[in-house]
Amino acid sequence: MRIEIAAVGRLKKGPESQLVSDYLERFAKTGRGLGFPAVHVSEVEDRRGGGMLAEADLLSRAIPEGAALVMMDERGDQPTSPEFARKLADWRDGARDVCFVIGGADGLAPDLRARADWQISLGRMVWPHMLVRVMLAEQLYRAATILAGSPYHRA
């Protein structure tokens, strides 16, 4: 199994970068004993200003072939953390790669979004795409702690 985050934009040094690194390191430590690999992050950037279509092309190239595609999108499902953990465990148990896709400021192109196996919303509000990375990284860590029976998740 491989876990990938394909995201538009380069995360510069700062609080968001520190939080993503911290949560992904925690996930790697907790997830190792559960059979999860470390998360790999692919950052893409459209320097020509082509908008969503150009970003979709760049993101498509970063998606591992055959991976389950999870689009982070405001119109998606709003799973609970335990539901998210179960889905992650299902992919692991089925030895399926998974790629979480985070678009840029304008979101994801409809054609790319249509390829999704699952679309997830982190709430009804729109979040800056750099914060979506932080929240996704935290939810990956939370999922691992739920599956490990850790008290981190207090639902």
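User: Where along the protein chain is A67 found?
Analyst: In this predicted model, A67 is found in the loop between α2 (51–62) and β3 (68–77).

User: What makes A67 count as buried?
Analyst: The relative accessibility of A67 is 8%, and buried means under 20% relative accessible area, so A67 counts as buried.

User: Which residues does A67 touch, not counting residues up to four places away in sequence?
Analyst: With contact meaning heavy atoms within 4.5 Å, A67 touches R96, D97, V98, C99 and D117. For one of these residues, R96, the C-alpha atom is 6.5 Å from that of A67 in space, although the two residues are 29 residues apart in sequence.

User: How do you know that R96 forms a salt bridge with D117?
Analyst: The closest N and O atoms of R96 and D117 are 3.7 Å apart, and a salt bridge asks for a side-chain nitrogen of Lys or Arg within 4 Å of a carboxyl oxygen of Asp or Glu, so the pair of R96 and D117 qualifies. This pair links distant parts of the chain, with R96 in the loop between α3 (81–93) and β4 (98–102) and D117 in the loop between α4 (110–113) and β5 (118–120), 21 residues apart.

User: Why are R96 and D117 called partly exposed?
Analyst: Partly exposed is the class between under 20% and over 50% relative accessible area; R96 has 33% relative accessibility and D117 has 45%, so each of the two values falls in that class.

User: What is unusual to note about the phi of A95, and why does A95 count as exposed?
Analyst: Phi of A95 is near 50 degrees, which is a positive value in a residue other than glycine. A95 has its place in the loop between α3 and β4, and with 57% relative accessibility, set against the cut-off of over 50%, A95 therefore counts as exposed.

User: How do you know that R133 and E43 form a salt bridge, and which parts does the pair tie together?
Analyst: The closest N and O atoms of R133 and E43 are 2.6 Å apart, which is within the 4 Å that the definition allows, so the pair is called a salt bridge. R133 lies in helix α5 (residues 129–148) and E43 in strand β2 (residues 39–44), so the pair ties together parts that are 90 residues apart in sequence. R133 has 3% relative accessibility and counts as buried, whereas E43, at 26%, counts as partly exposed.

User: What makes the meeting of R75 and D73 a salt bridge, and are the two residues buried or exposed?
Analyst: The side chains of R75 and D73 meet at 2.9 Å, N to O, and this distance is within the limit of 4 Å, so the term salt bridge applies. R75 has a relative accessible area of 55%, over the 50% cut-off, and is therefore exposed, while D73, at 7%, is under 20% and so counts as buried.

User: How many salt bridges does a search of the whole structure find?
Analyst: The search finds eleven salt bridges. Salt bridges that share partners also join R10, E45 and R47 into one network.

User: Why is E55 said to have no salt bridge?
Analyst: The nearest side chain of opposite charge, that of R133, is 10 Å away, whereas a salt bridge needs the nitrogen and oxygen within 4 Å, so E55 is left without one. E55 is found in helix α2, is buried, and touches V8, D46, G104 and G107, not counting residues up to four places away in sequence.

User: Why is W118 called buried, and where is W118 found?
Analyst: W118 is found in strand β5, and with a relative accessible area of 12%, which is under the 20% cut-off, W118 is therefore buried. Leaving aside its neighbours within four places in sequence, W118 is in contact with residues including L69, V70, M71, F84 and W91. The C-alpha atoms of W118 and D73 are separated by 9.7 Å, and the two residues are 45 residues apart along the chain.

User: Which pattern does the protein chain follow along the sequence, and why is the chain called as compact as a globular protein of that length?
Analyst: The protein chain has five helices and five strands, which follow the pattern β-α-β-α-β-α-β-α-β-α. The radius of gyration is 15 Å, close to the 15 Å that the globule rule gives for 155 residues, so the chain is as compact as a globular protein of that length. Of the 155 residues, 45% count as buried.

Conventions: Residues are numbered from 1 along each chain as its sequence is written. This is a predicted model: local features need pLDDT of at least 70, side-chain atom pairs count only at pLDDT 80 or more; totals for chains, interfaces and linings use all residues. Side-chain values use heavy atoms; hydrogens and water are left out. Helices (H or I, at least four residues) and strands (E, at least two) are DSSP runs, numbered from the N terminus. The radius of gyration is taken over C-alpha atoms; the globule rule is 2.2 Å times the number of residues to the power 0.38. Buried means under 20% relative accessible area, exposed over 50%, partly exposed in between (1.4 Å probe, protein chains only). Lys and Arg count as positive and Asp and Glu as negative; His and the chain ends are not counted.
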